[in-house]
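This report covers contacts between chains and some unusual backbone geometry. Please have the sequence and the model at hand while reading.

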Amino acid sequence: MKTKKSPKAIWWSLFAGGGMAAALALPALIIITGIIIPFGLEANEPMNFDRIHAAASHWLIKAIFFLLIALSFFHCANRFRYTLADVGLRSVGGLLSFLFYGGAIVGSVIAAVVLWGV
Amino acid sequence: MSAYRRPVSNMWWLKRRSYIWFMIRELTSIFTAGYCIFLLVVFYKLSQGPEAYAGIIAALKSPVSVVLHIITFAFVFYHAITWFELTPKILVIYRGEERIPAGLIAATFYGGWVVVSLFIVWLVLLA
Amino acid sequence: MTLEIFRYRPESDSEPTFQTYEVPFKEEWVVLDAINHIKDEIDGTLSYRWSCRMGVCGSCGMMINGVPKLSCAAFLRDYYPGKIRVEPLNGFPVLRDLVFEMDDFMAKLTDMQPYIIRKEGEEKTLEDGEYLQTPAELAHFKQYSMCINCMLCYAACPIYAIDNAFIGPAAIALGQRYNLDSRDQGKDSRQELLGSKEGVWECTFVGECSRVCPKDVDPAAAIQRAKVTSTIEFFKDVLIPWGKKK
């Protein structure tokens with residue numbers, strides 16, 4: 001029985017990269033924007049516009065956040081697309097792939113544009 | 001062959017506790033993507049100037065924002081711990097004849113997680 | 001103790017039913033003992049598969065209160081005094097009572113080419129002797145060779161239940177058993193099947209297969225490792241298309 005090698009490997013590797021990046025980086029970021037800043041736990045106003053804007057303008061910061069965000073989009077696309085297939089939408093699998101991976105591509109482009117503009 | 005095919009329910013995942021936790025794990029991806037969209041909004045406001053940026057930072061202090069963050073954290077944290085729990089099973093590495101123990105690989109990832117988290121906090125708030 | 005058993009007789013039933021039986025409770029009995037008692041003393045028409053009654057042949061897999069188990073390994077005392085519901089393994093078409101059609105499973109095992117494959121010109125003749133292997137090399141794949149083909153993993157896998165085209169946990173673990181065997185040179189040949197869309201990519205790592213495996217084969221880990229290998233193979237194919245020798 002011969003079947004073609006599937007390009008699903010591409011989506012899976014993006015999913016795996018996104019999962020690793022999100023697992024490593026997002027929890028700390030969420031604590032910062034969800035607990036530390038709202039409750040004023042930071043000292044010396046590090047979140048002031050000038051400091052943050054200067055940091056975010058650096059190409060390396062932009063590159064890192066782009067990777068984190070884009071990979072997370074692909075991670076979500078792959079995971080959610082398969083979750084939908086697992087609960088009954090298997091017959092429209094091709095359409096789901098197009099919508100979700102397409103969405104992740106669009107999201108990544110938007111991320112690139114937004115980060116470029118900082 | 002008059003073999004009988006039993007019908008499969010789309011609610012199969014409600015039938016066992018392990019299936020339910022699996023589904024929760026899968027749904028964490030929505031919160032992961034959602035938080036990334038939020039990060040992009042912050043960057044966008046940053047690019048729009050000091051007033052826009054101050055607006056979003058002020059919005060973080062609202063109860064709605066804090067509650068959403070806590071829920072998001074719960075899901076993203078669950079993603080992280082299941083991710084690091086499963087990675088050592090996949091990364092089977094041999095050093096010569098000996099297999100590197102799964103516990104060591106897990107410890108490396110958890111350790112790396114702590115280091116990266118501390119680095120991010122330092123970078124964003126202290127550097 | 002009360003056993004509620006799935007009945008289906010194709011010559012007379014259009015739909016399956018459940019039949020309730022009362023069996024004695026004995027400390028040392030397993031569900032298989034109870035079913036054998038039913039067959040011998042109460043209802044000789046009940047059909048089911050079994051053989052070794054000690055957890056090595058893989059014949060007696062059944063859904064016991066919704067969980068795939070070997071009926072020779074499920075003790076009555078763990079369910080007493082509750083009722084035990086016995087059904088054929090999930091995901092497979094039912095032929096009669098607890099007997100299901102396993103042709104699909106057998107075909108998938110065969111398609112995986114579960115034998116040592118050597119490259120052209122590298123086979124040894126009988127006179128050349130055995131392919132030698134160290135204990136360390138054996139350790140690489142030994143876990144995956146412990147599979148008793150009991151199909152509990154297929155019954156646990158929600159993907160297989162939804163889509164029978166998925167080649168499934170045991171077949172992939174079997175593929176890994178040979179791919180990781182130092183005597184084998186056939187991983188390119190198996191990669192077509194493993195890397196196909198009915199192969200490893202259907203798996204969403206629910207992990208239930210490994211939870212129910214009576215032999216600790218851990219097929220879920222085998223599948224995820226195969227995903228990593230398949231990804232590397234895919235990119236090697238795409239980025240380095242030359243240099244593939246038969």
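The text below describes a predicted model, beginning with a helix pair and ending with the backbone.

**Chain A against chain B**

Helix H4 (residues 93-116) of chain A packs on H1(B) at an angle of about 30°, and the two axes are 8 Å apart. H4(A) is therefore roughly parallel to H1(B), since angles under 35 degrees count as such. The crossing of H4(A) past H1(B) is left-handed. On the H4(A) side the contact is formed by Ala111(A), Val114(A) and Leu115(A), and on the H1(B) side by Leu40(B), Phe43(B) and Tyr44(B). By class, the residues of this contact are 6 nonpolar, no polar and no charged.

**Chain B against chain C**

Between these chains, 16 residues of chain B are in contact with 19 residues of chain C. On the chain B side, the elements that give two or more residues are helix H1 (17-47) and helix H3 (63-90). The largest share of that side comes from H1(B), with 3 residues. The residues of chain B that touch chain C comprise 9 nonpolar, 2 polar and 5 charged. H1(B) thus takes part in the packing with H4(A) and in the side of chain B that touches chain C.

**Backbone of chain C**

Most residues other than glycine have a negative phi, and most peptide bonds are trans. Chain C has exceptions of both kinds, beginning with the peptide bond from Tyr80(C) to Pro81(C), which is cis, with omega near 0°. Pro81(C) sits in the loop between strand S4 (67-70) and strand S5 (84-87) of chain C.

Two aspartates with positive phi are listed here.

| Residue | Phi | Loop in chain C |
|---|---|---|
| Asp97(C) | near 45° | between strand S6 (94-96) and strand S7 (99-100) |
| Asp218(C) | near 60° | between helix H8 (208-212) and helix H9 (219-239) |

Are these two loop residues buried or exposed? Asp97(C) has 20 other C-beta atoms within 10 Å, so it is buried; the cut-off for that class is 20 or more. Asp218(C) also counts as buried, because it has 21 C-beta neighbours inside 10 Å.

Note on methods
Residues numbered from 1 in each chain as written. Chains lettered and ligands numbered in written order. Predicted model: local features only at pLDDT ≥ 70, side-chain atom pairs only at ≥ 80, totals over all residues. Contact = placed C-beta atoms within 7 Å. Helix = DSSP H or I, 4+ residues; strand = E, 2+ residues; numbered from the N terminus. Nonpolar A, V, L, I, M, F, W, Y, C, P; charged D, E, K, R; others polar. Buried ≥ 20, exposed ≤ 12 C-beta atoms within 10 Å, placed from the backbone. Axes fitted to C-alpha atoms, helices over the stretch in contact; angles between N-to-C directions. Parallel < 35°, antiparallel > 145°, perpendicular 65-115°, else oblique. Left-handed = near helix turned anticlockwise from the far one by under 90°.
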